[in-house]
Amino acid sequence: KDATTFLRGDNTFAEAGGGLVLQVVTATTSTSVTQTANSYATSGLTASITPASSSNKVLVITSSAISAFGDGSSSSGRNAPVGLFRGTVSGTKIQEHKSGLSMISAATSTNFRSYNTVSFVVLDSPSTTSAQTYTVGISGDGATDILAQGDSNISTITLMEIAG
């Protein structure tokens with residue numbers, strides 16, 4: 001019946017809770033990283049947060065500048081995956097983008113110029129009070145190479161702990 005409570009649907013009053021932002025961590029990188037192999041490598045975009053309670057969630061928001069180039073032949077049907085991982089790129093893959101990158105068909109990495117913004121917005125439930133690291137990974141596909149943060153582009157990651 002005051003500024004700290006609200007009327008619930010069952011006509012009882014309760015204190016507000018849940019959904020509160022408890023902490024925010026942000027990191028950026030402009031370091032250029034190229035991956036040519038058909039496996040994930042870190043894009044250099046990573047941040048860590050330590051939840052105060054195991055019932056809290058982590059809202060992960062990323063924006064990465066990504067470019068891809070092929071081997072000089074048709075880029076049809078190729079993917080240059082970008083993934084969001086809890087931990088390192090060998091950890092738990094939370095989400096992945098496999099298509100939608102504008103590709104330059106070129107024989108060398110000197111022709112990277114068309115950048116795409118690849119973003120993730122994920123509400124993760126790590127269920128722990130241990131430090132959690134979130135990493136954006138990039139992967140070639142054997143014939144497609146991928147570049148993150150080339151030409152001084154900046155990528156960002158923001159982690160928000162949300163009260164459970």
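**An all-strand chain: pairing, core and one buried serine**

Let me begin with one pairing: strands S7 and S11 run antiparallel and are joined by 5 bridges. Two strands are said to pair if DSSP finds at least two bridges between them. The strands themselves are DSSP runs of E, at least two residues long, and helices are runs of H or I of at least four residues, both numbered from the N terminus.

A word on the source. This is a predicted model, in which local features need pLDDT of at least 70 and side-chain atom pairs count only at pLDDT 80 or more, while totals for chains, interfaces and linings use all residues. Residues are numbered from 1 along each chain as its sequence is written, and side-chain values use heavy atoms, with hydrogens and water left out.

To place S7 in context, the chain has 0 helices and 13 strands. Of its 164 residues, 38% are buried, where buried means under 20% relative accessible area, exposed over 50%, and partly exposed in between, with a 1.4 Å probe and protein chains only. About 8100 Å² of the chain is exposed, and 48% of that comes from carbon and sulfur atoms; these areas follow the Shrake-Rupley method with a 1.4 Å probe, and for residues only the protein chains shown count as cover. As for contacts (heavy atoms within 4.5 Å), among those between residues at least 6 apart in sequence, 80% join residues at least 24 apart.

I return to S7. In this strand, 4 of the 5 residues are buried. Besides S11, S7 is joined to strand S8 (residues 92–97) by 5 bridges, again antiparallel. Arg 86 faces Thr 92 in S8, and Phe 85 faces Thr 135 in S11. The hairpin of S7 and S8 has 5 residues between the strands, and there Gly 87 adopts a positive phi near 95 degrees.

Phe 85 also belongs to the structure's 1 aromatic pair. Rings of Phe, Tyr and Trp (its six-membered ring) pair if their centres lie within 6.5 Å; planes under 30 degrees apart count as stacked, over 60 as edge-to-face and the rest as tilted. Because the ring planes of Tyr 40 and Phe 85 stand at 75 degrees, with centres 4.9 Å apart, this pair is edge-to-face. Tyr 40 lies in strand S5 and Phe 85 in S7, 45 residues apart, and both are buried.

Which residues have the most contacts inside the largest nonpolar core? They are Val 60, Ile 66, Val 82, Tyr 134, Ile 138, Ile 157 and Leu 159, in a core of 22 residues. Such a core is a set of buried Ala, Val, Leu, Ile, Met, Phe, Trp, Tyr and Cys residues joined through side-chain atoms within 4.5 Å. Strand S6 gives the largest share, 4 residues. Leaving aside neighbours within four places in sequence, Ile 157 touches residues including Val 25, Leu 45, Val 60 and Tyr 134.

I close with strand S13 (residues 155–162), where Ser 155 lies. Is Ser 155 buried or exposed? Ser 155 counts as buried because its relative accessibility is 0%. Its side chain makes a polar contact with that of Gln 149 at 2.8 Å. A polar contact is a pair of N or O atoms within 3.5 Å; within protein, one must be able to donate a hydrogen and the other to accept it, and residues adjacent in sequence count only if both atoms are side-chain atoms.
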